[in-house]
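Q: I'd like to zoom in on one small part of this protein and then see how it fits into the whole. Could you walk me through it?

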Amino acid sequence: MRTVDPAKHEAKRRAILDAAAGCFAMKGFEKTTTAEICRAAGISTGSLFHYFPNKRAVFVGIFEQDADETAALLAAAGEIEDPWESILHVIAYVSEQLLHPIAAKLVLEVAAQCSRDADLAELVQGNDRALRDGLTLLVTRAVDAGRIDPGLPPRTVASWLVALVDAPLSRVILEPDLDPAAELAVMKELIARFLRPVLAIPPPAVGRVADTGEISPG
């Protein structure tokens, strides 16, 4: 009996999902055929059905893989000593994935499918919750370490971080020539300015503050 190498099996499965994601992004779920997925992945139809029973299972597998990657990402972030850097690590990874040329189209397609597939919708919503929950823990750790403003509720901060990361999706559709690296740099700066601790400004020791904001003697 032939044994299956788990590592090779998983690598092949991932390759099929990556190829299928491109097909679904370009043509949508309904119009994409299993034959097209096989051509993109460089495999036979028989090989495809060895890994997935049908086209829907391939589509769902993309977002099951996303759940696994999110869990691994958050676990790695939790090992980073500086809690602020752990937040930036998550933001950078997720942003880079969403700024990929096919990401926006794929997100639009999964949204359409979720409206008619309750199980898929639950999976996608679960992925979103997992990311928010993980970021909430990282934000809480950063607050405790004095790295970000303690007056901001961690859960709310996590929700806004996810929303900010999702925002470029619409821009990618309207502005396909966006520079991902430049966009990510600006996003990091916006997040840093939003979350950094607010430092109290002590009153002047001598003189009075004029209407211009300058300190005048006397």
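A: Let's start with Gly146, which sits in the loop that links helix H7 (118-144) to helix H8 (154-166). Keep in mind that you're looking at a predicted model.

So, is Gly146 buried or exposed? Its relative accessible area is 48%. To count as buried a residue has to be under 20%, and to count as exposed it has to be over 50%. Gly146 falls in between, so it's called partly exposed.

Now look for Trp84. Along the chain, Trp84 and Gly146 are 62 residues apart, yet in the model 9.6 Å separates their C-alpha atoms. On that theme of residues far apart in sequence, take the contacts in the protein between residues at least 6 apart: 67% of them join residues at least 24 apart.

Time to step back to the whole chain. The protein has ten helices and two strands, and if you read along the sequence you get α-α-α-α-α-α-α-α-α-α-β-β. It has 218 residues, and 37% of them count as buried. About 13000 Å² of the protein is exposed, with carbon and sulfur atoms supplying 59% of that area.

How confident is the predictor? The mean pLDDT is 86, and 88% of the residues reach 70 or more. Confidence peaks in helix H2 (residues 34-41), with a mean of 96, and is lowest in strand E2 (residues 215-216), with a mean of 40. Across residues 209-218 the pLDDT is below 50, and this stretch has 13 contacts in the model beyond near neighbours in sequence.

Notes:
Residues are numbered from 1 along each chain as its sequence is written. This is a predicted model: local features need pLDDT of at least 70, side-chain atom pairs count only at pLDDT 80 or more; totals for chains, interfaces and linings use all residues. Side-chain values use heavy atoms; hydrogens and water are left out. pLDDT is the predictor's confidence in each residue, from 0 to 100. Helices (H or I, at least four residues) and strands (E, at least two) are DSSP runs, numbered from the N terminus. Contact means heavy atoms within 4.5 Å. Buried means under 20% relative accessible area, exposed over 50%, partly exposed in between (1.4 Å probe, protein chains only). Accessible areas come from the Shrake-Rupley method with a 1.4 Å probe; for residues, only the protein chains shown count as cover.
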